[in-house]
Amino acid sequence: MSQFEERPRSAVEGSWRARATEALASISEAVYSLDREDRFTWVNTAAERLLERPARELIGRKVWDEFPDLLNSPLAKAYSSARATREAQHLEFFYDPLDRWFEVRTYPNLEDLVVFFRDVHERRTLDEERAAESSLIRAVLNALPARTAILDGDGTILTTNAAWAAGTASEGRPFASRAGANYLDACRAAAAAGEPDAQTAVVGLEAVLARRQPSFSLDYPSTPAHDRSRAPTWWHMQAFPVDDGPRVVVTHYDITDRVTAEQRAAWQARHDHLTNLPNRAALHEVLAAALAEDDGGQVTVLYMDVDGFKQVNDSLGHDAGDLLLRELASRLSHRTRPTDVVGRLGGDEFVVVARDCDASGGEALARRFRSVFDEPFELAGTRLPLTVSVGIASSDPAHSRPEDLLRDADAAMYAAKASGPNNHLRFTPALRTELEDRWQIASRLRDAAGLDQLVVHWQPVVHLPSGEVTGCEALLRWNHPHRGLVGPAEFIPIAEENRLIVPITRWLLQATLAQAAVWAGEGLELAIAVNISAVHLSSGTLVDDVLGALADNGLEAGCLMLELTETAVARNPDQAAEQFSALRAHGARIAIDDFGTGYSSLSAVASLPADVLKVDRALVAGPVPACATGPETVLGVVTALGSALHMQVLAEGVETPAQLALVRRVGCTYAQGHHLSPPLPAEQISALLAEGRRQTGRQQLPTTR
Ligand code: C2E
Ligand code: CA
Ligand code: CA
């Protein structure tokens, strides 16, 4: 049933209408016409059937009011193109409410638009005989966890699976698109909106659709357009041809979990877990990038090491140490400029990489970072004043590699600490030479004991009341193949730094006790004094090492005195007290060496279980009033103190008869020094004491001394 709109029209138009009505009313194809306001003016019977609406309900009404789903559809676009171009338009489109494909032709005719349309759903989707197969395919598609769409040769989405349909429009492109929309267009829109991978997807997909490429895959992040601050969802998109036809299947797997796990692992690999600062690997990269910058100026590296951090760890525990490092990391991060990078190499070592910064800028920066320590650190209820040593190295043409700069800054820090602490120092090539010398000494020293290059000289200790030589102090020398006899001051600190002092002291204990046994065989009763390093004290093996050497040589501990400097003991009095007690329980004696040179409190020393106070020669050599007897000299005060603490006092470095007279007068028990005897090789000690015995009948030095 067809109807005309009853509006006055021209005679020509009217006659056209009459003829058109007659011709089109009964054809099987659906036809309607629209006026310039898109109101239905005519609808034929086939159209009534297809649209499932009688013509009388439609005439005079706007197509968009009656079929709102058509608004913004490809059909709407076809209408406007037909009107604009005055040319017929042809398209196939999927009409959602009816869930079917339609083929549409629109013809502009004066002010009107005549629209022919027919249902091509069967042809477009499934032929009758392929319906069964198709439902199987649909079931398989729906079972796929990946969001899947089948595209026609031009990129139009023919169908999507259940996983796709479950996606929401808020998830962004392409999942907002439904069947009938064009997948490529969605990607192009995403590219236009600035999504970085969308254009890659367009190119890849076009290549697969055109069969230039067998398949295409892409991992891409997708952030919902309405909230760019949200973490993206990651998709693995794959496209490949369905069969020999033009169609392509596109799948999207959600790989967000995998990607975030990978990202987390990658982040962790480049950051320090304690402070979240860049770690060594990341700092290397930052440095390499900074050095590679063409227009960048000098790059300066600051190498920072907290002074005495080990003591914090030892005394307050590792948890407190960790807290300190975190607090420090946060303070340092707040002092960096946006172009600087602060990282942690491990332990208490932090590094700052400063771009566009020369050495003097580096010094200013070092001062700034040192001032981070002005405010004490609150730890475990105590306020800890701390300092830092900083090494500075700036790039020069020779420094092309990050490791060079880091190494130089490290060397400068090392030197700063040695001259400080609480110091900063710029790297210089001379510093490197010095370090290389030390390194060479260390590497040669490693073999020295094995090569019999270590030699012991002995200095007699005289018991002042009896005048007898009751002991000998073992003093180490290194018979260096090129440099001759090298004194301990040159190599003991290097041995301490390079973990060589403990093995060297083990060797020394064996060598000295073996010598004690030889002297005992000669009828000489001498207590052996061996110097022990602070490093050995904190190694924890001292007691075992001493007892082992005694057992190996079949000697009692009573023949051994162990000397530890006042500073070594003051560094960790508890640890010292514990080991001293153990050694004394076996009969060994303990001497506090170089007493009077450190700054330890007397009460700290007084509470230590020690036997002998060895007063440093600085106190013996001071100016002495001609007839001074005691308390008016520092030596006198210290000697009185030693007696009060039930310790025997030994005066070191007695060089003159006047000094010998003084140490006797103030009441020292023992004396040692060049005036009595310099340190000598063992055979000379034997000869000397044999001569003394010949002269006096006692174990004394010859009277000529
Ligand atoms: P020290 O333990 O205070 O040893 C005394 C130092 O004073 C020795 O120097 C000795 O030769 C020197 N000396 C002795 N009498 C006089 C004197 O009348 N006047 C002057 N000016 N000096 C005198 P040396 O042998 O060069 O040893 C220096 C330091 O090296 C020692 O000081 C000790 O701290 C260390 N040392 C020596 N041997 C060893 C060792 O086997 N192990 C360890 N850890 N340190 C050692
Ligand atoms: Ca000593
Ligand atoms: Ca000494």
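## What counts as a donor

A donor here is an N, O or S atom within 3.2 Å of the metal when that metal is Ca. Keep that in mind as you look at this predicted model.

## The calcium ion (ligand 3)

Start with the spacing: along the sequence, the donor residues of the calcium ion (ligand 3) follow the pattern D-D-x57-E. They are D593 (OD), D594 (OD) and E652, with E652 (OE) listed twice, and the donors lie 2.2 to 2.4 Å from the ion. Distant parts of the chain get linked this way: D594 is in strand β23 (residues 589-595), while E652 is in the loop between β25 (648-651) and α27 (657-666), 58 residues apart.

Are D594 and E652 buried or exposed? D594 has 26% relative accessibility, so it counts as partly exposed. E652 is buried because its relative accessible area, 12%, is under 20%.

There's a neighbour, too: the calcium ion (ligand 2) is 4.1 Å away from the calcium ion (ligand 3), and D593 coordinates both.

## Around ligand 1

D593 turns up again here, since ligand 1 has 20 residues around it, and Q459, R477, D593, E655 and H674 come nearest. That shell is a mix of seven nonpolar, six polar and seven charged residues. β19 (468-480), α18 (488-497) and β23 each supply at least two of them, and β19 gives the largest share, four residues.

Now for some polar atoms. Oxygen atoms of ligand 1 lie 3.2 Å from a polar side-chain atom of E473 and 3.1 Å from one of N531. A nitrogen atom of ligand 1 sits 3.1 Å from a polar backbone atom of L476. Overall, the protein covers 80% of the 790 Å² of accessible area that ligand 1 has on its own.

Technical notes:
Residues numbered from 1 in each chain as written. Chains lettered and ligands numbered in written order. Predicted model: local features only at pLDDT ≥ 70, side-chain atom pairs only at ≥ 80, totals over all residues. Heavy atoms only, no water. Donors = N, O, S within 2.8 Å, 3.2 Å for Na, K, Ca; no water. Helix = DSSP H or I, 4+ residues; strand = E, 2+ residues; numbered from the N terminus. Buried < 20%, exposed > 50% of the residue type's maximum accessible area, 1.4 Å probe, protein only. Near = heavy atom within 4 Å. Polar contact = N/O pair within 3.5 Å; in protein donor to acceptor, adjacent residues only side chain to side chain. Areas by Shrake-Rupley, 256 points an atom, 1.4 Å probe, with all protein chains shown as cover. Nonpolar A, V, L, I, M, F, W, Y, C, P; charged D, E, K, R; others polar.
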